[in-house]
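Please look over the notes below with the model open beside you. They are short and can be taken in any order.

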Amino acid sequence: MKAYMCVICGFVYEEEKGLPEQGIAPGTVWTDVPENFKCPECGATKADFEMVEI
């Protein structure tokens, strides 16, 4: 599983954890996250995230 960080605010989306409060189940890979996804911290778009090593 990978992690993706918002380049605007630093929020990290971890595939293994998902974001259940936004309807994204644990284990959801980044490519399956909806294109209209917004960062829960700052509202940035999916395009503003980059893969990171944790």
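The points below run from the core to the surface, then to pairs and single residues.

1. Status of the model. This is a predicted model. Please read each point with that in mind.

2. The core. The largest nonpolar core has 12 residues. Its aromatic members include Tyr4, Phe11, Tyr13, Trp30, Phe37 and Phe49. Leu19, Ile24, Val33 and Ala44 also belong to the core, as do Cys6 and Cys39. In soluble globular proteins, nonpolar side chains tend to be buried together.

3. Phe11 within the core. Which residues does Phe11 touch, once neighbours within four places in sequence are left aside? The contacts are Tyr4, Met5, Cys6, Leu19, Cys39, Pro40, Glu41 and Phe49. Tyr4, Cys6, Leu19, Cys39 and Phe49 are listed in the core alongside Phe11.

4. A surface patch. Met5, Val12 and Ile54 make a nonpolar surface patch of about 270 Å². Val12 sits in strand β2, which covers residues 12–14. Its relative accessibility is 30%, so Val12 counts as partly exposed. Met5 is also one of the contacts of Phe11.

5. Cysteines. How many disulfides does the model contain? The count is 0. A disulfide is a covalent bond between the sulfur atoms of two cysteines. The cut-off for the sulfur pair is 2.5 Å. For Cys6, the closest cysteine sulfur is that of Cys42, at 3.7 Å, which is too far for a bond. Cys6 has a relative accessible area of 1%, so it is buried. Cys9 is likewise in no disulfide; its nearest cysteine sulfur belongs to Cys39, 3.7 Å away. Cys9 is partly exposed, with a relative accessible area of 38%.

6. Salt bridges, count and first pair. The model has 2 salt bridges. Side chains of opposite charge can pair when their charged atoms come close. One of the bridges joins Lys17 to Glu14, with the closest N and O atoms 3.5 Å apart. Glu14 is partly exposed, at 24% relative accessibility.

7. Salt bridges, second pair. Glu35 pairs with Lys46, and their closest N and O atoms are 3.2 Å apart. This pair links distant parts of the chain, with the two positions 11 residues apart in sequence numbering. Both Glu35 and Lys46 lie in the loop between β2 and β3 (49–52). Are the partners buried or exposed? Glu35 is exposed, with a relative accessible area of 65%. Lys46 is buried, at 9% relative accessibility.

8. Pro40. Where is Pro40 placed? Its place is the loop between β2 and β3. It counts as partly exposed because its relative accessibility is 37%. Apart from neighbours within four places in sequence, Pro40 is in contact with Phe11, Leu19 and Gln22. Phe11 and Leu19 are both core residues. Pro40 and Glu53 are 13 residues apart in sequence, and their C-alpha atoms are 20 Å apart.

9. Glu21. This residue is found in the loop between β2 and β3. Glu21 is exposed, at 64% relative accessibility. Glu21 and Pro40 are 19 residues apart in sequence, with a C-alpha to C-alpha distance of 9.8 Å.

10. Thr45. The loop between β2 and β3 also holds Thr45. Thr45 is partly exposed, with a relative accessible area of 33%. Leaving aside neighbours within four places in sequence, its contacts are Phe37 and Lys38. Phe37 is a member of the core. Thr45 and Met1 are 44 residues apart in sequence and 21 Å apart in space, C-alpha to C-alpha.

How values were computed: Residues numbered from 1 in each chain as written. Predicted model: local features only at pLDDT ≥ 70, side-chain atom pairs only at ≥ 80, totals over all residues. Heavy atoms only, no water. Patch = residues over 30% accessible without salt bridge, like charges linked within 9 Å, V, L, I, M, F, W, Y side chains within 5 Å. Areas by Shrake-Rupley, 256 points an atom, 1.4 Å probe, with all protein chains shown as cover. Salt bridge = Lys/Arg side-chain N within 4 Å of Asp/Glu carboxyl O. Helix = DSSP H or I, 4+ residues; strand = E, 2+ residues; numbered from the N terminus. Buried < 20%, exposed > 50% of the residue type's maximum accessible area, 1.4 Å probe, protein only. Core = buried A, V, L, I, M, F, W, Y, C linked by side-chain atoms within 4.5 Å. Contact = heavy atoms within 4.5 Å.
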